[in-house]
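Subject: Structure handover

Hello,

The structure we discussed is pasted below. My notes on it follow.

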Amino acid sequence: MHSPILKVQNLHTWFETPTGTARAVDGVNFELYQGETLAIVGESGSGKSITALSLMQLVPEPAGYIEKGSIFYKNRDLLDLTWEEMRALRGKDIAMIFQEPMTSLNPVLTVEKQIVEAMQVHGTATGAEARKRAVDMLNKVGIRSPQQVVRQFPHELSGGMRQRVMIAIALSNNPQILLADEPTTALDVTVQAQILDLLASLQKELGMSMLLITHDLGIVARVAQRCCVMYAGQIVEEAPTSELLKNPQHPYTRGLLASLPSRARRGQELYTLEGVVPPPTRWPKGCRFALRCPNRMDICKNVLPGETALSPQRRVSCHLYNSDSAEAAVPLENPS
Amino acid sequence: MLRYIVRRLLHMIPLLLGISFISFGIQQLAPGNFTTVMKADPTVSPAYVRQLEHQFGLDKPWPVQYVLWLRNALHLNFGYSFAYKTPVAQLIFQRMGNTFILAVASMIISWGLAIPLGVWIAVRKDSWLDRIVSILSFAGISAPGFFLALLALLFAEHTGFLPVGGMHAPEAYFFTPWHNFTDMLAHLILPALVLGVGGCAGILRQMRGSMLDTLGEIYVQAARSRGLSENRVIWKHAFRNALNPLITLFGFSLAGLLSGSALVENVMAWPGLGKLILDAVLARDLYLVMGSFVMGAALLLLGNLAADIMLMAADPRIRME
Ligand SMILES: Nc1ncnc2c1ncn2[C@@H]1O[C@H](COP(=O)(O)OP(=O)(O)O)[C@@H](O)[C@H]1O
Ligand SMILES: [Mg+2]
């Protein structure tokens with residue numbers, strides 16, 4: 001595979017809260033390659049959104065801050081850039097779409113104004129040209145009456161339409177990277193599929209790289225070539241999607257897969273992961289999944305497992321696969 | 001839109017009728033009328049008093065008086081003031097101009113200060129500046145208007161820098177028009193400041209809160225993610241939306257112009273409608289009070305309507321009705 005377009009190393013993004021420091025993102029590593037879709041999947045609260053916002057350097061201030069790490073893009077560490085240099089990249093090189101199409105468009109501006117503004121600020125297109133391009137973009141994201149929609153306000157559009165408009169805005173400057181944070185979570189199931197297919201086809205057509213954030217493994221299977229599983233501020237497993245679904249390694253990944261309704265056999269009770277994610281102000285000393293883990297060993301409670309490379313494309317952070325810590329590293333059956 | 005305005009205007013008619021009826025009735029609750037003082041005066045003959053009572057219909061039962069008043073009012077005849085011996089409408093319009101000058105000046109001060117300052121401290125939430133302005137504005141909310149007015153009078157008295165009370169210098173009659181105007185401005189400064197600073201604090205709190213709400217919205221985050229400058233994010237995206245609740249407030253303050261300035265007008269002797277009304281109520285000048293009340297109520301309703309229209313213009317979600 002070619003060299004990564006984005007390389008995130010040892011990223012830590014923390015929040016100062018009244019109850020202590022919330023280590024929302026706590027040592028995240030991953031690489032995003034040119035022209036691929038990489039999924040980050042994990043339960044709500046695991047730090048996915050904050051990871052994406054960190055890449056944009058838009059972590060909510062003043063509580064949140066990037067404690068350490070690096071984010072390499074085109075051989076430069078984005079964390080070394082000035083605010084102005086970073087601003088020039090936002091929406092131009094790296095664009096983002098959000099979970100809530102209902103609230104991510106400005107209610108008092110027409111669709112046209114919001115698309116045109118996105119192009120104008122980077123000088124991609126101005127005036128009549130920008131307005132024409134706005135209509136083209138709406139066409140591109142599958143809106144059938146773009147001439148009419150450009151003049152409308154967000155509240156006049158359905159959720160799916162709004163998310164299409166968000167995508168049109170994000171893609172209006174032909175970005176290298178699209179960060180899609182749960183782009184379909186708030187939508188009806190049928191609309192979800194349409195938007196996902198749209199994103200997948202646009203990603204191929206424009207040759208951009210996409211980081212797709214979701215809590216739904218079903219979505220991962222549909223669009224992503226590779227997948228990172230995130231738990232409690234860290235990535236616990238990374239694998240090509242097909243391998244991950246066929247042969248999950250981390251007990252957490254197995255649990256996630258087993259709890260997918262589509263995977264359950266008829267007449268069988270649906271598997272559920274016991275317990276909840278601990279609060280990010282008080283991560284356990286050892287493995288953060290240990291308390292919920294069906295394969296827990298003594299070492300798990302006290303030592304945070306390091307990364308083990310299972311193959312050039314696979315890694316997992318779990319004592320079961322660490323030859324130093326696991327005598328009993330027998331590959332496990334899937335739960336249930 | 002036009003139909004909406006017409007409908008709202010039509011709705012005002014029964015409201016105004018009700019208000020005028022109640023105001024009329026309330027004034028009958030207290031014993032006596034405009035002639036009571038005259039009756040106690042031995043130099044005024046009882047025959048003259050009776051003649052006056054007959055002339056103004058005061059000898060009839062009050063519901064009859066009300067109907068008479070209403071019939072005249074519908075023909076835009078609001079009667080004569082007992083005390084000023086002048087048509088009520090003429091008195092009110094003359095004084096309303098003065099109140100209007102004071103109100104506009106004070107609103108320019110309060111809104112002109114509160115809006116930019118509110119946005120500014122919202123953006124710098126929890127900074128020293130924010131804290132200082134917040135404390136000052138709480139003090140501003142709690143300080144009674146007459147206290148500020150007295151402070152201002154004291155200041156004028158001691159420094160001699162600005163005139164103490166009134167609207168014109170006594171010798172203004174001999175001034176050139178330009179001199180007359182600057183003299184009026186000099187008289188305007190203190191009452192306008194007192195009213196403006198008093199009103200500023202509440203608007204400031206509202207602006208800050210509303211701005212903080214919108215700064216936390218996802219569309220503001222999204223605007224930043226498109227590479228917009230912070231200025232543009234704040235003014236074009238956050239501020240435009242934060243302004244909507246302020247427009248409602250603006251409508252209220254527009255509607256409350258009259259009552260708001262009444263106190264300052266009285267303390268600082270500004271010859272406005274507020275002072276006129278108070279004097280009229282004390283003198284039991286029935287038709288003047290009625291005219292002022294109905295005028296005030298109409299202003300209140302029109303102010304609300306104006307605010308709703310402005311809100312419709314500002315927020316496309318409300319335009320749909
Ligand atoms: N503004 C904030 N202030 C304090 N803590 C926050 C804030 N935003 C997020 N967090 C913390 O970061 C954690 C991860 O949040 P997030 O990245 O949004 O999770 P998700 O994986 O659901 O997208 C949350 O559990 C929360 O504790
Ligand atoms: Mg999220």
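K132(A) counts as exposed, at 55% relative accessibility. The model is predicted, so treat what follows as computed from that prediction. K132(A) has a salt-bridge partner in D136(A), with 3.3 Å from N to O. D136(A) is partly exposed, its relative accessible area being 35%. Both residues belong to helix α4 (residues 127-140) of chain A, and because they are four residues apart there, about one helical turn separates them.

A second salt bridge in chain A joins the side chains of E237(A) and R314(A), at 2.7 Å from N to O. This pair links distant parts of the chain: E237(A) is in strand β10 (residues 234-240), R314(A) is in strand β12 (residues 314-316), and their positions lie 77 residues apart in the numbering. Are these two residues buried or exposed? E237(A) is buried, with a relative accessible area of 0%. R314(A) counts as buried too, at 7% relative accessibility.

Chain B has a salt bridge between the side chains of E230(B) and R224(B), at 2.8 Å from N to O. E230(B) is partly exposed, with a relative accessible area of 28%. R224(B), at 16% relative accessibility, falls under the 20% cut-off and therefore counts as buried.

There is also a network in chain A: salt bridges that share partners join E36(A), R226(A), E238(A), E307(A) and R315(A). Over all chains, the search of the whole structure finds 24 salt bridges.

Charge in chain A as a whole can be put briefly. The chain carries 34 positive and 34 negative charges, and the mean positions of the two sets are 4 Å apart.

Next, the overall form of chain A. The chain has 10 helices and 12 strands. Its radius of gyration is 21 Å, close to the 20 Å that the globule rule gives for 336 residues, so chain A is as compact as a globular protein of that length. Along the principal axes, the C-alpha atoms of chain A fill a box of roughly 70 × 50 × 45 Å.

How much of chain A counts as buried? The figure is 56% of the 336 residues. The area that chain A exposes is about 14800 Å², and carbon and sulfur atoms supply 50% of it. For contacts in chain A with a separation of 6 or more, 65% are between residues 24 or more positions apart.

Strand β1 of chain A gives two residues to look at. T13(A) is located in this strand and is buried, with a relative accessible area of 0%. Leaving aside residues up to four places away in sequence, T13(A) touches A22(A), R23(A), A24(A), V25(A), I50(A), S54(A), V59(A), Y65(A), I66(A) and E67(A). N10(A) is also found in strand β1, which covers residues 4-17. N10(A) counts as partly exposed, at 37% relative accessibility.

The backbone has a few points to check in your own setup. Most residues other than glycine have a negative phi, and most peptide bonds are trans. In N10(A), phi is near 55°, a positive value in a residue other than glycine. Chain B has such a residue in R284(B), where phi is near 55° as well. R284(B) is placed in the loop between α12 (273-282) and α13 (286-314) of chain B, and it counts as partly exposed at 24% relative accessibility.

Which peptide bond is cis? The bond from E61(A) to P62(A) is cis, and its omega is near -5°. P62(A) sits in the loop between α1 (48-56) and β4 (64-73) of chain A.

Finally, helix α3 (residues 111-121) of chain A. V111(A), Q114(A), I115(A), V116(A), E117(A), A118(A) and M119(A) are buried there. After α3(A) comes G123(A), with a positive phi near 70°.

Regards

Methods. Residues numbered from 1 in each chain as written. Chains lettered and ligands numbered in written order. Predicted model: local features only at pLDDT ≥ 70, side-chain atom pairs only at ≥ 80, totals over all residues. Heavy atoms only, no water. Rg over C-alpha atoms; globule rule 2.2 N^0.38 Å. Buried < 20%, exposed > 50% of the residue type's maximum accessible area, 1.4 Å probe, protein only. Contact = heavy atoms within 4.5 Å. Areas by Shrake-Rupley, 256 points an atom, 1.4 Å probe, with all protein chains shown as cover. Lys, Arg positive; Asp, Glu negative; His and termini not counted. Charge placed at Lys NZ, Arg CZ, Asp CG, Glu CD. Salt bridge = Lys/Arg side-chain N within 4 Å of Asp/Glu carboxyl O.
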